[in-house]
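Student: I would like to go through this model term by term. Please set each value against its cut-off.

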Amino acid sequence: MASEDVKTSESAVSKIVNLAEEAKLAREEIKPTSYAVLSICKSLVAGGVAGGVSRTAVAPLERLKILLQVQNPHNIKYNGTVQGLKYIWRTEGFRGLFKGNGANCARIVPNSAVKFFSYEQASKGILWLYREKTGNEDAELTPVLRLGAGACAGIIAMSATYPMDMVRGRLTVQTEKSPYQYRGMFHALSTVLREEGPRALYKGWLPSVIGVIPYVGLNFAVYESLKDWLVKAKPFGLVEDSELSVTTRLACGAAAGTVGQTVAYPLDVIRRRMQMVGWKDAASVVTGDGRSKAPLEYTGMIDAFRKTVRHEGFRALYKGLVPNSVKVVPSIAIAFVTYEQVKDLLGIEIRISD
């Protein structure tokens, strides 16, 4: 009887030990997964915050750029950066400078979150394939590979949030004289769906995709390549202990933004013009207050290019480039730096909580 009790006790102890071992193994398996999920969430939050902060900082210039891109060439109201900003202030007040920024932030936060997260995941995948192909476990991403990762990230993010960008463009060009006022982003989305159909939400998508490849791709490629070069070469004493200062990161982001936006800008103009097509009660800045309508009906991207150049000249493809240049450089720079700073901040908080 005693031996049976001993055997029973040994069996119970053995089961407890086995359960403890299984629990330990389960925790070890779950831990990397939880860290991976935590890393993903950190990347998404950092990207969203970076997008929201950077766009709000340059919202007046963003609005002016779109107004210059789509205004009727027969009834010019906005003629340059300084004059355009003064005109908005005089006719619409302080709030006019930030018109459409709410919708822009609602779009750019998920857009930036998806873009930065997609870039990190695409970079890891491309780097793994590159190392497998070359057989070099220490290989690093080349500028061309970074360009590919950036382009993939840009296309995924832009496609996921494009309907919001389309209605944001229309909300931005509304003025007090517009014959029909969208009351907000959701009202604009429902109105476009009801009056123009679901395909209307993707007007201008093709030039956007084409433009995203050089724009976002070059942004990431130039930014990351400049950072790597500065860390390795350490020119002018800009780098200490393999760490770049915030000022240096801003300069890298500014250079990346300048290159990307200059190459892709004509496609951005065509995208905005295609987004205005089919707008029954278009804003007065588009129709020219009814005095003389610009050729707004485009059958596609090529047709939009052809009509824009024929009616307004080649320079029309760069309308709004000046405020966009002023806007893009600090916007991209602030986005990159904010992203990295928020990730560092979240990383510190995570380590403390552990």
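Tutor: Start with burial: buried means under 20% relative accessible area, exposed over 50%, and partly exposed in between, using a 1.4 Å probe and protein chains only. This is a predicted model, where local features need pLDDT of at least 70, side-chain atom pairs count only at pLDDT 80 or more, and totals for chains, interfaces and linings use all residues. Residues are numbered from 1 along each chain as its sequence is written, and side-chain values use heavy atoms, with hydrogens and water left out.

Student: Why does Trp279 count as buried?

Tutor: Its relative accessibility is 7%. The limit is under 20%, so Trp279 is buried.

Student: What makes the pair of Tyr182 and Trp279 stacked?

Tutor: Rings of Phe, Tyr and Trp (its six-membered ring) pair if their centres lie within 6.5 Å; planes under 30 degrees apart count as stacked, over 60 as edge-to-face and the rest as tilted. For Tyr182 and Trp279 the centres are 5.6 Å apart, with 10° between the planes. Both values pass, so the pair is stacked. Tyr182 is buried as well, at 6% relative accessible area.

Student: Why is this pair said to tie together parts 97 residues apart in sequence?

Tutor: Tyr182 sits in the loop between α5 (143–173) and α6 (185–196), and Trp279 in the loop between α8 (246–276) and α9 (284–287). Helices (H or I, at least four residues) and strands (E, at least two) are DSSP runs, numbered from the N terminus.

Student: How do you know that Tyr265 and Tyr318 are stacked?

Tutor: Their ring centres are 6.2 Å apart and their planes meet at 20°, so the pair is stacked. Tyr265 belongs to helix α8, and Tyr318 to the loop between α10 (301–312) and α11 (321–353).

Student: Which class of burial does each of the two get, Tyr265 and Tyr318?

Tutor: Tyr265 has 2% relative accessibility, so it counts as buried. Tyr318 has 30%, so it counts as partly exposed. The structure holds eight aromatic pairs. Ring pairs also link Trp89, Phe94 and Phe98 into a cluster.

Student: Why is α5 called roughly perpendicular to α8?

Tutor: Two packed helices are described by the angle between their axes and the distance between the axes. The axes of α5 and α8 come within 10 Å and cross at roughly 80°. Axes are lines fitted to C-alpha atoms, for helices over the stretch in contact, and angles run from 0 to 180 degrees between N-to-C directions. Under 35 degrees counts as roughly parallel, over 145 as roughly antiparallel, 65 to 115 as roughly perpendicular and the rest as oblique. The crossing angle therefore makes α5 roughly perpendicular to α8.

Student: Which residues of α5 and α8 make the contact?

Tutor: Contact means heavy atoms within 4.5 Å. On α5 they are Tyr162, Asp165, Met166, Arg168, Gly169, Arg170 and Val173; on α8 they are Arg271, Arg272, Gln275 and Met276.

Student: Where is Ser208, and what does Ser208 touch?

Tutor: Ser208 lies in helix α7 (residues 205–233). Leaving out residues up to four places away in sequence, Ser208 touches Met158, Tyr162 and Arg271. At 6% relative accessibility, Ser208 counts as buried.

Student: How many disulfides does the structure hold?

Tutor: Zero. A disulfide is a pair of cysteine sulfur atoms within 2.5 Å. As for cysteine burial, Cys152 is partly exposed at 39%, whereas Cys252 is buried at 2%.
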